[in-house]
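Student: I am new to this structure, and I would like to go through it slowly with you. Could we place it in front of us before we begin?

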Amino acid sequence: MNETIVCVVGNVATQPVYRELAAGPSARFRLAVTQRYWDREKSTWTDGHTNFFTVWANRQLATNAAASLNVGDPVVVQGRLKVRSDVREGQNWTSADIDAVAIGHDLARGTAMFRRAQKPDSGVVGAADAPGGAGQAEPDWETPVGDGAVQQGAEPVAVT
């Protein structure tokens, strides 16, 4: 199976369109990717050609993308590139689509506050019993002081 996997950095160009289909949720939006280059004559960065991609997301990714993305947001999209050609009203059209596997905000250009999506209750494990749930203490992720690691803001501890 030969697929072209791409990772594209750009800006959301259109508000995501969300639809509930028989196969599950689906969302699409246009992504603008503008080349930037250093113009030696002007000694400044200059915008070059802009490529537009239609990004398709399915299932939970579609739901999360529709709830998280707005026009102008800087994003990173990874997925399968599909170049499509067809004839519409007598004209040849070519489009570049990305079937997204992952979409995230570009943290090189801003900050984001991650919020884990709520999973539907399957009846097997209650929310209070799930790892990190309300009924369970958060795990201790700190490195013990005694093994040579330095914790920021930790009080010195005498090791005997």
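Student: In what order do the elements of the chain run from the N terminus on?

Tutor: This is a predicted model, in which local features need pLDDT of at least 70 and side-chain atom pairs count only at pLDDT 80 or more, while totals for chains, interfaces and linings use all residues. Residues are numbered from 1 along each chain as its sequence is written, and side-chain values use heavy atoms, with hydrogens and water left out. Helices (H or I, at least four residues) and strands (E, at least two) are taken as DSSP runs numbered from the N terminus, and the chain comes to one helix and six strands. Read from the N terminus on, the order is β-β-β-β-α-β-β.

Student: What share of the residues in the chain is buried?

Tutor: A residue counts as buried under 20% relative accessible area, as exposed over 50%, and as partly exposed in between, with a 1.4 Å probe and protein chains only. The chain has 160 residues, and the buried ones make up 22%.

Student: Which strand does strand 2 join through a hairpin?

Tutor: Two strands pair if DSSP finds at least two bridges between them, and here five bridges link strand 2 (residues 17–21) with an antiparallel partner, strand 3 (residues 24–39). One of the residues involved is Tyr 18, whose bridge partner is Ala 27. The hairpin passes through two residues and leads from strand 2 to strand 3.

Student: Which element gives the largest share of the largest nonpolar core?

Tutor: A nonpolar core is a set of buried Ala, Val, Leu, Ile, Met, Phe, Trp, Tyr and Cys residues joined through side-chain atoms within 4.5 Å, and in soluble globular proteins nonpolar side chains tend to be buried together. The largest core here has 19 residues, of which Val 8, Phe 29, Leu 31, Phe 53 and Val 77 touch the most other members. Two or more residues come from each of strand 1, strand 3, strand 4 (44–58), helix 1, strand 5 and strand 6. The largest share of this core, four residues, is given by strand 3.

Student: How many residues in sequence lie between the parts that Glu 3 and Arg 80 tie together?

Tutor: A salt bridge is a side-chain nitrogen of Lys or Arg within 4 Å of a carboxyl oxygen of Asp or Glu, and a search of the whole structure finds six of them. In one of these, the side chains of Glu 3 and Arg 80 meet at 3.9 Å, N to O. Because Glu 3 lies in the segment before strand 1 (5–12) and Arg 80 in strand 5, the pair ties together parts that are apart in sequence by 77 residues.

Student: Is Asp 97, which meets Arg 84 in a salt bridge, buried or exposed?

Tutor: The side chains of Asp 97 and Arg 84 meet at 2.7 Å, N to O. Asp 97 belongs to strand 6 and Arg 84 to strand 5, so the pair ties together parts that are 13 residues apart in sequence. Arg 84 is partly exposed at 38%, whereas Asp 97, at 6% relative accessibility, counts as buried.

Student: Where is Glu 89 found?

Tutor: The phi of Glu 89 is near 50 degrees, a positive value in a residue other than glycine. At 84% relative accessibility, Glu 89 counts as exposed. Its place is between strand 5 (74–88) and strand 6 (91–105), in the loop.

Student: In which element is Arg 59 found?

Tutor: Arg 59 also has a positive phi, near 55 degrees, in a residue other than glycine. With a relative accessible area of 58%, Arg 59 is exposed. The element that holds Arg 59, spanning residues 59–68, is helix 1.

Student: Which residues that line the largest pocket are the closest to its centre?

Tutor: On a 1 Å grid over the protein atoms alone, a pocket is an open set of points where a 1.4 Å probe fits, with protein on both sides within 12 Å along at least five of seven lines, and lining residues have an atom within 4 Å of a point. Grid points are joined across faces, edges and corners, and a volume is the space filled by probe spheres set on the points, which for the largest pocket is about 620 Å³. Helix 1 gives the largest share of the lining, six residues. Of the 18 lining residues, the closest to the centre are Asn 64, Ser 68, Met 113, Phe 114 and Arg 115.
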